[in-house]
There are 2 protein chains.
Amino acid sequence: MKLKSLVLSVSAVLLSGCGTMAKQQEYNADLIINNGQVLTVNADMQVIDDGVVVVKNDKIIAVGDEKLLEQYYAPKNIDANDGIVMPGMINAHNHLPMIAFRGLGEEGISNRLFAYFFPLEAQKLSRELIYNATKLGAIDLAQSGVTTYADMYYHMDEMAKATKEVGLRAVLGETVIKFPVVDAKQPYGGIQYAKPFIEEYQNDPLITPAYAPHAVYTVSKEKLQEINQLSEDYDVPVLIHVAEFPNEEARIKDPTKATSPVEYLEEIGVLDERMVIAHGIHLSQHDQALLKQADAGVVYNPMANVKGATGIAPAWDMFRADMRVGLGTDGPMSSNQVDLWRTLSYAANMQRLKHSDRTIMIPEQVIEMATIGGAKALHMEDEIGSLEVGKKADIIIVETQSANMMPSYDPYATLVYQANPSNVDTTIVNGKVVMEQRQMKTIQLDDIRQSVEAFESDIADFAKELSKKAIKSKSLMD
Amino acid sequence: MKLKSLVLSVSAVLLSGCGTMAKQQEYNADLIINNGQVLTVNADMQVIDDGVVVVKNDKIIAVGDEKLLEQYYAPKNIDANDGIVMPGMINAHNHLPMIAFRGLGEEGISNRLFAYFFPLEAQKLSRELIYNATKLGAIDLAQSGVTTYADMYYHMDEMAKATKEVGLRAVLGETVIKFPVVDAKQPYGGIQYAKPFIEEYQNDPLITPAYAPHAVYTVSKEKLQEINQLSEDYDVPVLIHVAEFPNEEARIKDPTKATSPVEYLEEIGVLDERMVIAHGIHLSQHDQALLKQADAGVVYNPMANVKGATGIAPAWDMFRADMRVGLGTDGPMSSNQVDLWRTLSYAANMQRLKHSDRTIMIPEQVIEMATIGGAKALHMEDEIGSLEVGKKADIIIVETQSANMMPSYDPYATLVYQANPSNVDTTIVNGKVVMEQRQMKTIQLDDIRQSVEAFESDIADFAKELSKKAIKSKSLMD
């Protein structure tokens, strides 16, 4: 295979005649990947052994077998070395800058959100920290094969800047919440903060700006409705935490007759196709039907949800009902990982446990959820999530030569149950090589090491003291 | 720190005078590890920042702070580069050669053990496959920081040979089962097969031979009693699957009044301190009390148990009751991984889910279970499982410089929730460096690549056909 590519490349050069200009005119593509097992994740879940993917500008222009090597010539060729070529993974729920705090508060704090998370953020978050932490997080994502992530946090303009420097795609939702936060001194200040951010990035090739009302119990009815109207005006997504905890509706300030947060969203008129709900652990059949009817996205965060003992979402039921179900890690203080590798196995295993059925959610379905599923949850399935002609060139190559990847009978099983982030060899986003042979091509980790060490030492002592206080605070939700 | 070590090494050379003999006499150790955060996992769970571990022959002769560098000199020094230095992990339940089959039969087969596992083994297992697959598995283990594993399989003499070539420590239990198997044409032939194996390895520095009756429903009462007597005569462990499935006692050929497999083992007089039970998912309070009273070991396999939808063992209850609880992966067809990294997070998260309590099984306790816990389960806690003077030098270094390891506030949380196998930098077993800076020092993966590719292609087609048949077979246990 390698020899064949070489021969073809040489022919291309020969055919192109003499001189640099003539040679460049011969190229009809920018990048060709060959010699890999291509998982297209198209509607037929087609797998192409010895497959080829051809990229021009930011798009995939051909996917097929080795015959494509006779039709396309590009200045850059990547030999997948018998590895797996697949769509970049989509982490559809995150709070990436919280990577600055990951590993903190792990000593057994029951009331962790209110007694630890929020005070830590109130004290330590800054515009600069969000920028620097996003860079670290985006490098971690790129190195582990996540090409798109969706995020709910603050100072989303800083996140956008850092994400673009690393070269990833992101849906960035500016948080709206009823108390003052790092980028808004007034309650609900995120609504205003988001406007210039949305306007700046509305047509960006990598960033999709969004609104992110925190939850039904931290954002009023009026503000949810205002955000819904703005999201329609701007045509942007709305990311929100829903049904992460039992009986969230009981904590709504102005309750309606709704018996669940999903019913509440529907009743107040904001549950629509722009909404992407994270968690959805406590969903009745009726809630699921409402979500499907609204064509809303749902993000299943299996690892974070069991680490935090919150439960297992009915993801298998929703997946089988052809709903828009993607996978997420939740923030780095919840699952401590930003990549999806462990989450893949949790995604399957937690459904098997819930249904006491080892035959459900087979590896192929997990990979579907991690790629096109995430794209559907974010309503981006026309752009990303599979290797098909016309889609954005968001592609990863996973090597299968390491001991942990051997043998590799079934590529889906190898990915879900054997692979770890270090097996990702190459990451391409929007046609641009972000990492190749594990070498970052955009920002180097060493470029940011100092800034990470600086925030780490600034946070460490404060966090230790806070932990002692928080561990005494017992209730989960107060 | 690096400079200091250099100065000290130079002093050692200067002090040692002239000539090779004089210099060597100056050394009072063989290997010194410095500049790491040492997790001793001793009774006080002492952590030593900028710690030092000193090794002579196969043993740890000193553990402490940097002052030790003034007392000890060795020809080999390893700079841990601010990484984590900890006891090698113990995978206390495995069927390592099944790595030859990992990734097979993942298409949703309910009756997987009887309709897929056993027919696959019957057709494809051989002495040679067991040897070659063990080598692959042992490399995978060494590269991921497992220094000791316990195994139940066939041709344990081949496994011992391969394991020693790679340089790991293992407890190898020869399987005894009521039907003919690869190394025994007669039912229960493993009893005889084990004798020369046990006699050969009884005093081996790395291999602990053992008996492995498969389960109460596949081994008769008389044979369990015979094995118990032999294990006493030889003073070797007895590894057995217990309470992996509900109501195993109903499938016993000559039932007693016992209402559980543990009660049965106790009634027939074989439940003693040499027994190590794997799984223990369905254990009553009384079962747990019997196991504690017998001082038996228990191995919790959280990832395999949820992947197979068998359930969650009461591991937290047994751990708190000071029982001998270790961690295992089960075989590579069950969890598909031989290392413990993912299992660490499952170990905590499944208990949190089971108890609906996010404050239990904090990362420190998980690491305890993965090291000294495993040693206790195997009754080897006087030899391995912690970094203490007099113990065998089974040590790993985990780097903390990669993006996925940053920041690292709490070493236990970093290990349980951030690390993956590729972060293991160095693996030392019985004082010998098996891997350093991720380079294997014993066998290279490339040395065995051809043999792996050979068995992979031999197995692939047969497995595909078998899968079609097996998928139609519906019952879990028949």
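How many residue pairs are in polar contact between chain B and chain A? In this predicted model, the count is 27 residue pairs, with both partners at pLDDT 80 or more. Salt bridges are another story: the rule finds zero of them across the interface of chain B and chain A.

**How the two chains meet**

Let's look at the contact itself. Chain B puts in 65 residues, and chain A puts in 65 residues. Together the two chains bury about 5300 Å², with 57% of that on carbon and sulfur atoms. On the chain B side, B:R342, B:R358 and B:Y409 lose the most area to chain A, and together they make up 16% of what that side buries.

Several helices of chain B give two or more residues to the side that touches chain A:

| Helix of chain B | Residues |
|---|---|
| helix 4 | 127–143 |
| helix 10 | 302–307 |
| helix 12 | 341–355 |
| helix 14 | 411–418 |
| helix 15 | 445–470 |

Helix 12 of chain B brings the largest share of that side, eight residues.

**How the copies are related**

Turn chain B by 180°, with 0.0 Å of shift along the axis, and it superposes on chain A with an RMSD of 0.0 Å. That is the relation of a two-fold axis. What's more, 100% of chain B's interface residues are also interface residues in chain A, so the copies meet through the same surface.

**Along chain A**

Chain A averages a pLDDT of 93, and 94% of its residues score at least 70. Over residues 1–22 of chain A, though, the pLDDT is below 50. An unreviewed UniProt entry places the feature "domain: Amidohydrolase-related" at residues 84–434 of chain A. That span is 38% helix and 18% strand, and its end C-alpha atoms lie 17 Å apart.

Conventions:
Residues numbered from 1 in each chain as written. Chains lettered and ligands numbered in written order. Predicted model: local features only at pLDDT ≥ 70, side-chain atom pairs only at ≥ 80, totals over all residues. Heavy atoms only, no water. pLDDT = per-residue confidence, 0-100. Contact = heavy atoms within 4.5 Å. Least-squares fit on C-alpha atoms with pLDDT ≥ 70 in both. UniProt positions renumbered as here; feature names shortened; annotations may be inferred. Helix = DSSP H or I, 4+ residues; strand = E, 2+ residues; numbered from the N terminus. Buried area = accessible area lost by both parts, 1.4 Å probe. Salt bridge = Lys/Arg side-chain N within 4 Å of Asp/Glu carboxyl O. Polar contact = N/O pair within 3.5 Å; in protein donor to acceptor, adjacent residues only side chain to side chain.
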